[in-house]
Amino acid sequence: MRIAVVPGSFDPVTLGHLDVIGRAAKLFDRLHVLVTHNPAKSALLDVDQRVRLVRDALAEAGIEGVEVDSWSEGLLVDYCRRVDAEAIVKGLRSATDAAYETPMALVNRDLAGVETLFLVAQPATSHVSSSLVRQVAALGGDVSPYVPRVVAAALQPEGPARG
């Protein structure tokens, strides 16, 4: 059985994330979407909200057979070992992403023999990032072109998922 992990902060999950997850789900027998906590970043949504929104967004998009989990205790490769994953899947929007992700991919392979598979973003979503969505939402802008409907609703000022 081929198992992979798609890690990220998903704060919030975007249409670009869903594209990568959907394509990765077709490549592996089992896929884990791992919502991670990054202490260096100030999160808009707490981890439980992000997990719920990822699950809801996957259901809205019709992406099935994907397990959603969270992780904040140790290295990503520790989680990969726990679920017997042989690969990590990351989306790349630009050369800047590739330059940032490549050293981590090499270290993950050195530490645990886990390979990293890079999927290039679709042109329609290559300019979208969670941080951009957070900024637009914070200033009252319309984020609906960039995120699933359930996420856009949650980011509305009166939305239930505001943290």
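The following paragraphs go through the nonpolar cores, the largest pocket and the salt bridges of a predicted model.

The largest nonpolar core has 33 residues, and the members that touch the most others in it are Val 6, Phe 10, Ile 21, Val 33, Val 54, Leu 58 and Val 89. At least two residues of this core come from each of the strands β1 (3–8), β2 (30–36), β3 (66–71) and β4, and likewise from each of the helices α1 (15–27), α2 (47–61), α5 (130–138) and α6 (149–155). Helix α2 gives the largest share, 5 residues. Val 6 can serve as an entry point to the packing. Leaving aside residues up to four places away in sequence, Val 6 touches Ile 21 and Ala 24, then Leu 31, His 32, Val 33 and Leu 34, and also Val 89. Another core lies apart from the largest one; it has 10 residues, including Tyr 79, Val 83, Ala 85 and Ile 88.

From the cores we turn to the largest pocket. Its volume is about 1300 Å³. The lining of this pocket is made up of 45 residues, and those nearest the centre are Pro 7, Gly 8, Ser 9, Lys 90 and Glu 101. Two or more lining residues come from each of β1, α1, α3 (76–82), β4, α4, β5 (115–120) and α5. Helix α4 supplies the largest share of the lining, with 9 residues. By residue class, the lining contains 20 nonpolar, 18 polar and 7 charged residues.

Two of the residues nearest the pocket centre, Lys 90 and Glu 101, also pair with one another. Side chains of opposite charge can pair when their charged atoms come close. In the salt bridge between Lys 90 and Glu 101, the closest N and O atoms are 3.5 Å apart. Lys 90 belongs to strand β4 (residues 87–92) and Glu 101 to helix α4, so this salt bridge ties together parts that are 11 residues apart in sequence. Are the two partners buried or exposed? Residues under 20% relative accessible area count as buried. Lys 90 is therefore buried, because its relative accessibility is 18%, and Glu 101 is buried because its relative accessible area is 12%.

The model has 8 salt bridges in total, and two others among them can be set beside this pair. In one, the side chains of Arg 93 and Asp 97 meet with an N to O distance of 3.1 Å. Asp 97 is found in helix α4, which spans residues 95–112. With residues up to four places away in sequence left out, Asp 97 touches Gly 91 and Leu 92. The two partners of this bridge fall in separate accessibility classes: Asp 97 is buried, because its relative accessible area is 14%, whereas Arg 93 is partly exposed at 37% relative accessibility.

The other salt bridge joins the side chains of Glu 115 and Arg 109, at 3.5 Å from N to O. Glu 115 counts as partly exposed at 40% relative accessibility, and Arg 109 counts as partly exposed at 38%.

Helix α4 thus recurs in this account, because Glu 101, the partner of Lys 90 in strand β4, lies in this helix. Asp 97, the partner of Arg 93, is also found in α4. The largest share of the pocket lining comes from α4 as well.

Methods. Residues numbered from 1 in each chain as written. Predicted model: local features only at pLDDT ≥ 70, side-chain atom pairs only at ≥ 80, totals over all residues. Heavy atoms only, no water. Helix = DSSP H or I, 4+ residues; strand = E, 2+ residues; numbered from the N terminus. Contact = heavy atoms within 4.5 Å. Salt bridge = Lys/Arg side-chain N within 4 Å of Asp/Glu carboxyl O. Buried < 20%, exposed > 50% of the residue type's maximum accessible area, 1.4 Å probe, protein only. Core = buried A, V, L, I, M, F, W, Y, C linked by side-chain atoms within 4.5 Å. 1 Å grid on protein atoms, 1.4 Å probe; cavity = no way out; pocket = protein on both sides within 12 Å on 5 of 7 lines; lining within 4 Å. Points joined across faces, edges and corners; volume = space filled by probe spheres on them. Nonpolar A, V, L, I, M, F, W, Y, C, P; charged D, E, K, R; others polar.
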